[in-house]
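Let's take a walk through this model, starting with a pair of strands and then moving to the packed interior and the open space. Have the sequence to hand as you read.

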Amino acid sequence: MKKDIEIPIAKDVYVAAVHEWNEEFLSKDWNAYIINNRATQIDMVLIVSKGYDGERKTSLMRHAIGVVDAKSFQKIELIQEDVLALNNEFFVTYYAENKIYERRFIFEKNTVNEASLSEIPLLEKEGVFAK
């Protein structure tokens with residue numbers, strides 16, 4: 001029975017934290033983005049995010065992104081500096097090719113920082129990829 005169940009592997013979809021200038025507050029903020037590097041769009045994108053570390057945890061945040069076009073990205077949320085000291089998890093679910101895909105992305109505590117920055121394709125900004 002179990003051998004008949006196909007679990008599709010999510011490829012070419014990423015979550016990244018990008019350090020960018022906020023004109024409204026005149027500060028640099030960390031923002032989480034979902035990146036679709038696939039040749040096709042992804043639909044019904046749902047993201048549940050949370051921060052945790054032993055006893056400490058944040059509230060669950062739920063985001064309904066909808067459609068992310070091929071070779072594009074969408075902003076998920078602002079990540080507050082205090083939360084970067086926790087593990088930050090983004091559980092992404094989306095629909096493509098008549099299948100539902102799921103993947104858990106994690107920024108381990110204290111890994112989102114200036115020293116870890118690298119070029120993020122499609123965004124053309126510096127940031128940190130989730131594992």
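## Strands, cores and a pocket

Tyr95 has Ile100, in S8, as its bridge partner. Keep in mind that this is a predicted model. S7 and S8 run antiparallel, with nine bridges joining them. Two residues sit between the strands of this hairpin, where Glu97 takes a positive phi near 55°.

Now for the packing. The largest nonpolar core has 26 residues, and Val45, Phe90 and Tyr94 touch the most other members. Strands S1, S2, S3, S5, S6, S7 and S8 each supply at least two residues of this core. S7 gives the most, with four residues. There's also a second, separate core of six residues, with Ala16, Tyr33, Ile35 and Ile120 among them.

Phe90 is worth a closer look. Leaving aside neighbours within four places in sequence, Phe90 is in contact with residues including Val15, Ala32, Ile47, Ile76, Phe105 and Phe107. Polar and charged names turn up in that list too, including Ser49, Glu77, Arg103 and Arg104.

And what about open space? The largest pocket holds about 230 Å³. It is lined by 15 residues, of which Thr58, Met61, Glu77, Leu78 and Val83 are the closest to its centre. By class, the lining breaks down like this:

| Class | Residues in the lining of the largest pocket |
|---|---|
| Nonpolar | five residues |
| Polar | seven residues |
| Charged | three residues |

Strands S3 (42-53), S5 (61-68), S6 (72-79) and S7 (87-96) each supply at least two residues of that lining.

Notes. Residues numbered from 1 in each chain as written. Predicted model: local features only at pLDDT ≥ 70, side-chain atom pairs only at ≥ 80, totals over all residues. Heavy atoms only, no water. 1 Å grid on protein atoms, 1.4 Å probe; cavity = no way out; pocket = protein on both sides within 12 Å on 5 of 7 lines; lining within 4 Å. Points joined across faces, edges and corners; volume = space filled by probe spheres on them. Core = buried A, V, L, I, M, F, W, Y, C linked by side-chain atoms within 4.5 Å. Buried < 20%, exposed > 50% of the residue type's maximum accessible area, 1.4 Å probe, protein only. Contact = heavy atoms within 4.5 Å. Pairing = 2+ DSSP bridges.
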